[in-house]
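Visitor: Could you take me closely through one part of this model, the place where the two chains meet, and describe how the pieces there fit together?

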Amino acid sequence: MPTATITDGTWVTWIATGTASTNATVAIWGNWTCYTSGATWAANNVAPAVTQIAPSLEAGQKAETLLRDMLAPEQRYFLDKMSKFVVESELGNRYEIRRGRMQNVFQLGLDGKPTHKLCAHPADWLPDADTMLAQKLMLESDEQAFRQLANITRL
Amino acid sequence: MIGTLITLDRGGDSKLIWDREKPVEVDNARRMFKDLMAKGYWAYAVRTNGEKGIHVTEFDPEAEKIILAPRVVGG
């Protein structure tokens, strides 16, 4: 399986150790999907001609709409003003979910200040708003499972 | 009455709507639910406007809205 590394839309490395079928999906990075245009790349170990599908603004907008639908008015307010919102677990603990995908969940103390950082996110790449929604749903309904999966750092 | 299955994915989300009065549509939604659960997805019965979701493991044709999210992993 070839391995591709892309930064800011530019191919950085291409490691080819096999063969690819025409139009096979060879890399998914962020919201970019790259396809081989043929199978000739394997012979000389160079990056194949690729088609990069531009990041989908639509995906992010759909995710944002869904997240906002699932938030209470005050959560939407804080998301708009501060790019974060607070959820309360079934055990009464409060967590701040900041805009992002990783290292964006913080347990809050009684004074409202973050006490722990929890890193857990959906295994699949999702738009940030969908990631935040998945984190919200899991924290609210199964906090213990979230905590068991998360890497937790005391602040 | 209409139910909606929302799957979080790279495209933002995908929606499958079923009519509770139409067995074919209910079966279709149930099949998709089972397929994604088998792939490790987590399902939540939800309402809008900030109400907390409920973690569910079985498809409920009477649900108003079900969100399916890919399994969560530690980062």
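**The shared core and the contact around it**

Guide: In this predicted model, the largest nonpolar core holds 42 residues, of which Leu67(A), Leu133(A), Ile66(B), Ile67(B), Leu68(B) and Ala69(B) touch the most other members. Helix α4 (residues 128–141) of chain A gives the most to this core, namely seven residues. Ala69(B), setting aside neighbours within four places in sequence, is in contact with Pro122(A), Ala134(A) and Leu137(A), and also with Leu8(B), Tyr41(B) and Trp42(B).

The contact between the chains draws 36 residues from chain A and 25 residues from chain B. On the side of chain A, two or more residues come from each of α2 (57–70), β9 (114–122), α4 and α5 (143–149), with α2(A) giving the largest share, eight residues; that side divides into 21 nonpolar, eight polar and seven charged residues. Strand β9(A) runs antiparallel to β6 (residues 72–74) of chain B and is joined to β6(B) by three bridges, and Pro122(A) stands opposite Val72(B).

Chain B also has an open sheet of five strands, in the order β2-β1-β5-β3-β4 and with mixed pairing. Because β2 (12–19) and β4 (54–56) of chain B each have a single partner strand, they stand at the edges, and one side of each is left without a neighbour in the sheet. Eight bridges join β1 (residues 2–9) of chain B to the antiparallel β2(B), with Thr4(B) and Ile17(B) as bridge partners. Across β1 and β2 of chain B lies α2(A), running at about 60° to β2(B), while helix α1 (residues 23–38) of chain B packs on the sheet, touching β1, β2, β3 (42–45) and β5 (65–69) of chain B, with its direction at about 145° to that of β2(B).

Notes: Residues are numbered from 1 along each chain as its sequence is written. Chains are lettered from A and ligands numbered from 1 in the order in which they are written. This is a predicted model: local features need pLDDT of at least 70, side-chain atom pairs count only at pLDDT 80 or more; totals for chains, interfaces and linings use all residues. A nonpolar core is a set of buried Ala, Val, Leu, Ile, Met, Phe, Trp, Tyr and Cys residues joined through C-beta atoms within 7 Å. A residue is buried if 20 or more other C-beta atoms lie within 10 Å of its own, exposed if 12 or fewer, and partly exposed in between; C-beta atoms are placed from the backbone. Helices (H or I, at least four residues) and strands (E, at least two) are DSSP runs, numbered from the N terminus. Two residues are in contact if their C-beta atoms, placed from the backbone, lie within 7 Å. Ala, Val, Leu, Ile, Met, Phe, Trp, Tyr, Cys and Pro count as nonpolar, Asp, Glu, Lys and Arg as charged, and the others, Gly among them, as polar. Two strands pair if DSSP finds at least two bridges between them. Axes are lines fitted to C-alpha atoms, for helices over the stretch in contact, and angles run from 0 to 180 degrees between N-to-C directions.
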